[in-house]
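User: Please take a close look at one part of this model. I would like the cysteines first, then the surroundings in sequence and the contacts that go with them.

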Amino acid sequence: MATSSQDGQELVPLLDKDGVRLTVEDTLATVTLTNPAKRNAQSPALWRALGEAGRLLPGSVRVVVLRGEGKSFSAGLDRQMFTPEGIEGEPSFIDLARSGDSELDAAIAEFQEGFTWWRRSDVVSIAAVQGHAIGAGFQLALACDLRVVADDVQFAMRETSLGLVPDLTGTHPLVGLVGYARALEICVTGRFVTAEEAVNTGLANLAVPLDQLDGAVKDLAAALLSAPRDAVIETKALLRGAQDRTYDEQRGAERAAQTRRLRDLAGIGD
């Protein structure tokens, strides 16, 4: 289906399959989860579609917004994955468990690909999260650079309580945002994290009433797009690498990045 742009013109999706729709308007892309009847439950087909959305992004895109239709951003895994019959056309968890180590590792790696591209240096990604964001839904929100949440949001990491572990790339950003101790407690208890706690702990950048969520995300996207693209790319790369560098190494990285920016602004090549 087509969606409307800011000026009321219809946008033809670049992708619309398996519960994922991608639209692009100039420098802004929107990825929408489109199965509200199932609270945007996730499946391997959806994960593959998310990966395809990343590969289809035009080079002109600078900001990507991720949202979910309906009352919930994403209620997590489709529970049919836990049944012996699984989802039609997909291996069940039982089938996966019976495969060899290398095959199982490759399958999980493929699942993760839909979660990895959101933090690449040439785009800034924003998750607009309302209602439930549970398990895989929580991890998909964590895959983005920034999170704006509605005041009804309920994050929960339920994998551990199901006898599994969070394996869709969510553990690294969660620890980075809230620290090891709180991340451990959130994952092992599986409790809900509400909007107030999400903002107070750095899990979310901003919480707003539900009816203001789209407007708040639009304003944030506009602010991000107002900065020069090359400076944003350099700044993002500099910040992303900071936790893996020593203080002095980070100082050196700042100098190198600023040298590139100054020479670029002055029109002087390397």
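Is Cys-187 buried or exposed, and what is its relative accessible area?

Analyst: Cys-187 is buried, at 11% relative accessible area. Buried means under 20%, exposed over 50%, and partly exposed in between, with a 1.4 Å probe and protein chains only. This is a predicted model: local features need pLDDT of at least 70, side-chain atom pairs count only at pLDDT 80 or more, and totals for chains, interfaces and linings use all residues. Residues are numbered from 1 along each chain as its sequence is written, and side-chain values use heavy atoms, with hydrogens and water left out.

Why does the sulfur of Cys-187 form no bond with that of Cys-144? The two sulfurs are 18 Å apart, too far for a bond. For Cys-187, Cys-144 holds the closest cysteine sulfur. The reverse also applies: for Cys-144, the closest is in Cys-187. Cys-144 is buried too, with a relative accessible area of 0%. The whole structure has 0 disulfides, a disulfide being a pair of cysteine sulfur atoms within 2.5 Å.

Now the charged residues. Glu-185 pairs with Arg-191 in a salt bridge, with 2.4 Å between the closest N and O atoms. The term covers a side-chain nitrogen of Lys or Arg within 4 Å of a carboxyl oxygen of Asp or Glu. Glu-185 is partly exposed at 29%. Arg-191 is partly exposed at 24%. Both belong to a salt-bridge network with Arg-182 and Glu-197. The search of the whole structure finds 12 salt bridges.

Next, the sheet. It is open, with 3 strands in the order 8-10-11 and mixed pairing. Strand 8 (132-134) and strand 11 (193-194) are the edges; each has a single partner strand, so one side of each lacks a neighbour in the sheet. Strands (E, at least two residues) and helices (H or I, at least four) are DSSP runs, numbered from the N terminus. Two strands pair if DSSP finds at least two bridges between them. Strand 8 runs parallel to strand 10 (residues 154-156), joined to it by 3 bridges. Ala-133 faces Phe-155 of strand 10. Helix 4 (residues 136-143) packs on this sheet and touches strand 8 and strand 10. Its direction makes about 95° with that of strand 8. Contact means heavy atoms within 4.5 Å. Axes are lines fitted to C-alpha atoms, for helices over the stretch in contact, with angles from 0 to 180 degrees between N-to-C directions.
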